[in-house]
Amino acid sequence: TMNLFGNSTAAPSLTESIFGSSPSNTDNPPSNNDLFSKSIPQQQPPSESRKRPRTGKRNTEKPSVEKATSETPRQTLQRRQTQSQHSILEQFTISAQDYQHSGGDDELYADVRSLMRHHGLVILRNALSEQDVTTITTIADDTQRHICDALDAKKIPYNSSVANEETDTFVYKELAVRCKGRMDVRYDYDDNVTTRTTKQQQQQLPSSLIELVDNLAASILHGAEPPSLVYSGWIFSHPGSANQPWHTDGSPLFGNGINESLPSYAINIFVGLHDADELLVLGPTEFVVGSHQMDPEVVMDTMIDTAVPAVIGKGDVLLYDYRVCHRGTANLSSTLSVAPSSSLSASEVVDKEDDHDETSGGGVVRKVLYQMYARPWFKEHLNFGEKSLFEE
């Protein structure tokens, strides 16, 4: 029989046909010429001296989490602080600097692949230089200013302090607001670049970033063909934005438990543009670790209290499986602010109603560059509008 990649083989399994390897071999990608080889060498365990996290059995201990239904902003921040210290986060957090003098890129990509398989997400610290972060932040600021100026000119409220179903959600060709105060803006929002490929649109981003995320995606989504960059965009979470509903980024490919047993077929990559302390106020993304291997309905019903915030700093990169249950959280910076370089001690978190420093303004917008990669056969259906925001 012929599988999806055109290789002749004797009745491969469903996952072999689609992914080029069985789930048990996802830590050790076969070559393109030996797609179904059974003699794949075993991955060497990480060096003990590196003190990297375990990649085997997931930690199933539940973090201590309080219900957030009636929290004050300060209580919400304190809960985020507590959750961000949970030991489970250490199991999928590594630093790019640890690989510079030992193991190199190949070992880094192998560890990322293994961590992603077991936990569904990976935090890679110190992945980008300060100059790269500055470049990306400048593009983000320009994009946000351009979009918000256009919304203001049309008198379209995008972060009203009063809940309103008609104004809290709307879509245009360039952006979508699906939750109060939270914008999803296409990287290619400018009409001048809509005819270019996604790769060409990225040319103003640092080449080091593009190379890094390409290689990270290829290490996770390995197969007979390289993964595709499906989408690139920005998330802007404005002060006062609401918590997102819990969700996965798409519907399962298959039912009856098959989807949870598959290797990764699509991932998202976030680039950190804020200090970690500041992000706790601006609203980190919360994840149910390991939920890519669980029934989504079961996760939503019983596992939400196990979620932890993935707090990334400037230059850090977060990768997560498309199937992981997660949500963006509320931006508290209209109410609270954090002193520069603070450790978020109680004395350094300021309630703005008691703060008379006029420089505090109305808060800080959280900015995230994100990129989605997928196997070549996967198609994403993005929920954007047909009308341009810039049409008269």
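**Reading sheets and empty spaces in a predicted model**

Modeller: Strand E14 gives the most to the lining of the largest pocket, with four residues. The model before us is a predicted one, and this pocket is a suitable place to begin.

Biologist: How does one look for such a space, and what volume does the largest pocket have?

Modeller: The general idea is that a probe the size of a water molecule, rolled over the atoms, reveals where empty space is left. In this structure, the volume of the largest pocket comes to about 670 Å³.

Biologist: Which residues lie nearest the centre of the largest pocket?

Modeller: Of the 31 residues that line the pocket, those nearest its centre are Arg178, Asp184, Gln244, His247 and Asp249. By class, the lining comprises 14 nonpolar, 11 polar and six charged residues.

Biologist: Which strands each supply at least two residues of that lining?

Modeller: They are E4 (175-179), E5 (182-186), E6 (228-237), E7 (266-271), E11 and E14 (366-374).

Biologist: How should I read the sheets to which such strands belong?

Modeller: As a general idea, the strands of a sheet pair through backbone hydrogen bonds, and the pairing is either parallel or antiparallel. Here, one open sheet is formed by nine strands, and its pairing is mixed. Read across, the order is E1-E2-E10-E7-E14-E6-E5-E4-E3.

Biologist: Which are the edge strands of this sheet?

Modeller: Strand E1 (93-95) and strand E3 (170-171) are the edges, each of them pairing on one side only. Within the sheet, E4 and E5 run antiparallel and are joined by four bridges. One can follow this pairing at Val177, whose bridge partner in E5 is Met183.

Biologist: Which strands does helix H4 touch as it packs on the sheet?

Modeller: Helix H4 (residues 130-153) touches E3, E4, E5, E6, E7 and E14, and its direction makes about 65 degrees with that of E6. Helix H3 (residues 104-119) lies across E1, E2 (121-125), E7 and E10 (317-321), and runs at about 145 degrees to E2.

Biologist: In what order do the strands of the open sheet of three stand?

Modeller: The order is E9-E8-E11, and the pairing is antiparallel. The edges are E9 (308-310) and E11 (326-328), each pairing on one side only. From one strand to the next, the twist averages 30 degrees. Strand E8 (residues 285-287) is joined to E11 by three bridges, and Glu286 stands opposite Arg327 in E11. Helix H2 (residues 73-84) packs on this sheet, where it touches E8 and E9, and its direction makes about 85 degrees with that of E9.

Biologist: How many aromatic pairs does the structure hold?

Modeller: There are 13. One of them, Tyr187 with Trp234, is stacked, at 5.8 Å centre to centre and with 25 degrees between the planes. It counts as stacked because the planes are under 30 degrees apart. The pair links distant parts of the chain, 47 residues apart: Tyr187 is in the loop between E5 and helix H6 (198-201), and Trp234 is in strand E6.

Biologist: A cavity, unlike a pocket, gives the probe no way out. How many cavities of 30 Å³ or more does the structure hold?

Modeller: It holds three. The largest cavity has a volume of about 90 Å³. Its lining has 13 residues, with Pro252, Asn259, Tyr265, Pro296 and Arg323 nearest the centre. By class, five residues of this lining are nonpolar, six are polar and two are charged.

Methods
Residues are numbered from 1 along each chain as its sequence is written. This is a predicted model: local features need pLDDT of at least 70, side-chain atom pairs count only at pLDDT 80 or more; totals for chains, interfaces and linings use all residues. Side-chain values use heavy atoms; hydrogens and water are left out. Two strands pair if DSSP finds at least two bridges between them. Axes are lines fitted to C-alpha atoms, for helices over the stretch in contact, and angles run from 0 to 180 degrees between N-to-C directions. Contact means heavy atoms within 4.5 Å. On a 1 Å grid over the protein atoms alone, a cavity is a set of points where a 1.4 Å probe fits but cannot get out, and a pocket is an open set with protein on both sides within 12 Å along at least five of seven lines; lining residues have an atom within 4 Å of a point. Grid points are joined across faces, edges and corners, and a volume is the space filled by probe spheres set on the points. Ala, Val, Leu, Ile, Met, Phe, Trp, Tyr, Cys and Pro count as nonpolar, Asp, Glu, Lys and Arg as charged, and the others, Gly among them, as polar. Rings of Phe, Tyr and Trp (its six-membered ring) pair if their centres lie within 6.5 Å; planes under 30 degrees apart count as stacked, over 60 as edge-to-face and the rest as tilted.
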